[in-house]
Each structure stands twice: as structure tokens, then as C-alpha cells.
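Q: Could you take me through one helix of this model in detail, and tell me what sits on each side of that helix?

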Amino acid sequence: EDIATALTYCETYGFSDFSPGFLTTKAQILREQNQIGPAVDAIQAGVEALTPGIFQAYLVHFEHYQVLQASGRSAEARAALGEAVRILTEMLDTLSPKDQQASRSQIPEHRAILAAWATSQAILAQATLPRADAPLGRPLHKDEQITITWTMETPQDREIRSKSQRRRQQIVRLLHEAQSQQALPAYHHLAEALGVSERTILRDMAALNQEGIDLPPTRGEQT
């Protein structure tokens with residue numbers, strides 16, 4: 001009720017710059033009360049009320065991220081988080097290195113935004129693999145191998161509770177990424193990348209085949 005009154009005053013007396021902050025507070029209270037639908041409406045209104053130059057606009061986008069996460073809209077949530085990080089980073093860039101460090105480490109809201117961003121990012125790694133056209137049956141020459149980039153883990157992976165299901169999703173992605181970069185991994189490359197045994201990889205691939213998932217080829221045990 002107090003927030004509704006404050007919003008009315010903002011509208012009546014022309015203090016529109018304060019509206020996003022009040023709407024953000026309203027959304028946070030509703031989210032904490034598990035009233036997700038009304039929280040979505042409130043924070044959406046807060047985002048729409050933003051105008052260039054509003055102080056701490058990143059807090060509005062961060063609450064937008066948290067509300068969308070709570071509503072299960074993960075892709076939209078990551079976009080909102082990215083906007084919060086962008087605005088916060090632009091603000092931090094205006095500070096001295098010393099003040100930037102203090103802001104990142106001592107201001108709870110800044111720490112929370114940056115920590116959420118770090119958690120949300122995909123983990124990439126490079127791998128040196130046989131080229132797709134490399135011959136079988138003998139050790140490979142250096143020019144018959146290629147270094148590619150693999151996406152080892154994504155935010156979507158982290159949402160899968162079952163380790164085996166998560167790993168199988170990773171296997172499918174790694175094989176497709178290798179194929180798109182003209183590489184052909186062997187079973188042991190997948191096993192090393194995912195920290196499991198080759199037997200586990202074989203079992204996972206058999207399960208994927210049984211599910212009817214079309215997998216790109218591997219070199220089997222050929223290196």
C-alpha cells in the first residue's frame with residue numbers, strides 16, 4: 001500500500017525517475033512472498049519506466065533477472081542479467097581502479113550481480129583433436145590435428161539434476177561442436193574432457209542411440 005501511494009505521488013507530482021525504484025522494491029517483496037505473477041508485472045513496469053540516466057538502473061534489471069528466474073524463464077532472465085552487468089560495468093569504468101575494487105568487493109548489490117553473472121556463463125575449453133579427414137590406423141602427424149573450442153558447460157547443463165542426463169547433453173553438444181570445426185574426437189577425448197571413463201562414454205552413447213538421437217561420428221578408439 002505504501003509503495004502504491006508512492007507511485008501515485010510520483011505520477012501526480014512528476015517524479016517519474018523514482019518510479020522504477022519503487023516498482024523494483026514492490027517486485028522484490030512480491031517475489032519473496034512467492035507471488036511470482038504479480039512480481040513479474042511489477043518489475044516489467046519498472047523496466048518500462050526506465051529512462052536514460054536513471055541512477056542505479058542496474059538494480060532494476062537485476063531484480064528483473066531474479067523474478068524471471070523464479071518464474072522459470074531462464075533465457076529471458078539471462079538477458080536481463082546481461083543488461084544489469086552492462087550498466088553496472090559502465091558505471092564502474094568511470095571509477096578509479098581502487099574504487100572499482102572496493103565497489104566490486106564491498107557493495108553487496110554489486111557483488112551479487114557480478115557473482116550471478118559469473119555463475120551464468122558457459123565454460124569453454126580448447127581441445128586438440130584429429131582432423132575429420134585424418135587417416136586411421138597410425139599415429140597422427142601434427143598437421144593432421146586441429147585445436148578447437150568446446151563448450152564444456154552451460155547454464156542449461158547446470159539445471160539438469162541427473163549427472164548422466166547432464167553428461168549426455170554435453171556429449172551431444174561436444175560432438176556437434178567438433179563436427180562443425182572439422183574435428184573427429186575419439187572416445188578417450190570425450191572421456192578426458194568430461195572426467196569419466198571411456199566405458200561411461202560408450203554407455204552414454206548407447207543410451208543416446210536408443211533414444212533415437214542422431215550423433216555425429218567419432219573415431220572410436222582410433223587416435
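A: Happy to; here is a walk along one helix, followed by a short stop at a pair of rings elsewhere. Keep in mind that this is a predicted model.

Let's start with helix α11, which runs over residues 198-210. Its 13 residues reach 18 Å from the first C-alpha to the last, close to the 18 Å expected at 1.5 Å a residue. Six names make up the buried set of this helix: T200, I201, D204, M205, A207 and L208. These buried residues lie on the same side of α11, because the arc they cover around the axis is only 160 degrees. The general background helps here: an α-helix has 3.6 residues a turn, so residues three or four places apart point the same way.

What covers that buried side? Among the elements over the buried residues of α11 are α9 (163-180) and α10 (187-194). Turn to the face pointing away from the buried side, and you will find the exposed residues R199 and Q210. After the helix comes G212, with a positive phi near 80 degrees.

Now for the rings. The model has one aromatic pair, counting ring centres within 6.5 Å. The partners are F62 and Y65, with ring centres 5.7 Å apart and planes at 20 degrees; planes under 30 degrees apart count as stacked, so this pair is stacked. Both residues belong to helix α4 (residues 57-70), where they sit three residues apart, about one turn of the helix. F62 and Y65 are both buried as well.

Definitions and conventions. Residues are numbered from 1 along each chain as its sequence is written. This is a predicted model: local features need pLDDT of at least 70, side-chain atom pairs count only at pLDDT 80 or more; totals for chains, interfaces and linings use all residues. Side-chain values use heavy atoms; hydrogens and water are left out. Rings of Phe, Tyr and Trp (its six-membered ring) pair if their centres lie within 6.5 Å; planes under 30 degrees apart count as stacked, over 60 as edge-to-face and the rest as tilted. Helices (H or I, at least four residues) and strands (E, at least two) are DSSP runs, numbered from the N terminus. Buried means under 20% relative accessible area, exposed over 50%, partly exposed in between (1.4 Å probe, protein chains only). The expected span of a helix is 1.5 Å times one less than its number of residues. The arc is that of the directions from the helix axis to the C-beta atoms. Contact means heavy atoms within 4.5 Å.
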